[in-house]
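I am opening a notebook on a structure that is new to me, and I want to write down what I look up as I go.

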Amino acid sequence: MQIQINPTLLWGAVFSIPAVIVDRHMTLASPEQLQTLLWVLCHAAEQPDEHAVSKALHFSPENVKEYLLYWQDKGILQLDGICAPASAPKEQIPDVPAKPVPKQLPDLPELKPTAAQILARTKEMPELDYLFAQAQKKFGRTIGYDGQCTLLMMHDQYGLPVEVILMIIEYCAEIRKTSNAYIAAMGKSWAQEEIDTIEKAEEKIAVLHKCGSIWKEFSSMAGITAPNPTAVQSEYLRSWSYELGFTIDMIFLAYEEMANHCTKLSFAYMNKVLRNWQAKGLRTPQDVAEDNRRFKEKKQREDTQPPASYDINEMERRLLYGPIEYKKKKDGEGT
């Protein structure tokens, strides 16, 4: 099947996209990272900041920073005042690809069901009425038409069972993040991870609680005032704690390493540091201190090593006469 651009397409303003984006990163970057980059490329002449991107794409400024750092890390963007994760001064930190998401889902459609359609669905599924009532009870307010649309589409579009959505509602009420946008984002994330049973939801919430506990301890040590981590930060904390098995002491040590080289908080940089330590087998602060000591000693030996000596006469001979070449004589040539 051949693909062609519609010749009757009315071209308006256009912008360039580097071929490397399509050739290398199209299947590696997340949809949100790609959306962020495309918007920045389209509006590059305006020199936008993360707040402009956040307003245009309805991403939080914290998430936008993480998406932009991804493209800076890949050498596509340059960010003023934000440290590039791959520019560690001691040694090059290997680029470790993020854990792939099992599947990708779109955001909930902008076209919402009508009030009549919602009423018809609740008649088909009485448990939806129970879902709406429990949401209002947990949030301490009426959820209104928009809230009903969000919960209904999480069920119909993402395929999440009512009991799983109820657990999302309970968790969101617990952490006091009850906006429709946050609930929809969590529903999308759970659907992508195929969390479609009570057992899976309980495991996920246990992980979220542990990440919340780690965040409270870490933010207290680092002097961060935000009461809860962003979704991106929670995923980093989960990865560092569950996948890599690092303690809070090592996570904070990575924060201090990041703070020495970055002007702004960068979980992407911390991730590079921690994955580098894991690759080296460094599991405790003492291991890191010993590794730093060995590195400094090696650097000092290299700095104090005397320069190689040369035979001045040999160098002059080579400059004057060049290398001596020995060629086999051909038959018939004189001696």
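My entries below go from the whole chain to single helices, loops and residues.

**Whole chain**

I began by noting that this is a predicted model, and I keep that in mind for each entry. I then looked up the secondary structure of the chain and found 15 helices and zero strands. Of its 335 residues, 38% count as buried, and the accessible surface comes to about 21,400 Å², with 54% of that area belonging to carbon and sulfur atoms. I also looked at how contacts are spread along the sequence: among those between residues at least 6 apart, 64% join residues at least 24 apart.

**A nonpolar patch**

Next I asked which residues make the nonpolar surface patch of about 320 Å². I found that F15, I17, V22 and L38 form it. I followed I17 a little further and located this residue in the segment before α1, the helix that spans 19-25. I17 counts as partly exposed because its relative accessibility is 40%, a value that lies between the under 20% of a buried residue and the over 50% of an exposed one.

**Helix α8**

I then turned to α8, which covers residues 162-175 and has 14 residues. From its first C-alpha to its last, the helix reaches 20 Å, close to the 20 Å expected at 1.5 Å a residue. Is α8 mostly covered or mostly open? I recorded it as mostly covered, since ten of its 14 residues are buried. The buried residues are V162, V164, I165, L166, M167, I168, I169, Y171, C172 and I175. When I looked for what covers them, I found that the cover includes α6 (126-139) and α7 (144-156), as well as α9 (180-192) and α10 (198-222).

**Two residues with positive phi**

Just after α8 I came to R176, which takes a positive phi of about 60 degrees although R176 is not a glycine. I note as background that most residues other than glycine have a negative phi. R176 lies in the loop between α8 and α9, and it counts as exposed because its relative accessibility is 76%.

I looked up H58 as well, which is not a glycine either and has a positive phi of about 65 degrees. H58 is found in the loop between α3 (50-57) and α4 (61-73). With a relative accessible area of 72%, H58 is exposed.

**Two buried residues**

My last entries concern two residues placed in helices, and I started with C211, which is in helix α10. C211 is buried, because its relative accessible area is 2%. Which residues does C211 touch, if those up to four places away in sequence are not counted? I found S234, L237 and R238. For C211 and S234 I also wrote down the separation: they are 23 residues apart in sequence, while their C-alpha atoms are 6.2 Å apart in space.

The other residue is N271, whose place is in helix α13, residues 267-280. N271 counts as buried, since its relative accessibility is 11% and the cut-off for buried is under 20%. Leaving aside residues up to four places away in sequence, I found that N271 touches Y236 and W240.

Key: Residues numbered from 1 in each chain as written. Predicted model: local features only at pLDDT ≥ 70, side-chain atom pairs only at ≥ 80, totals over all residues. Heavy atoms only, no water. Patch = residues over 30% accessible without salt bridge, like charges linked within 9 Å, V, L, I, M, F, W, Y side chains within 5 Å. Areas by Shrake-Rupley, 256 points an atom, 1.4 Å probe, with all protein chains shown as cover. Salt bridge = Lys/Arg side-chain N within 4 Å of Asp/Glu carboxyl O. Helix = DSSP H or I, 4+ residues; strand = E, 2+ residues; numbered from the N terminus. Buried < 20%, exposed > 50% of the residue type's maximum accessible area, 1.4 Å probe, protein only. Expected span 1.5 Å × (residues − 1). Contact = heavy atoms within 4.5 Å.
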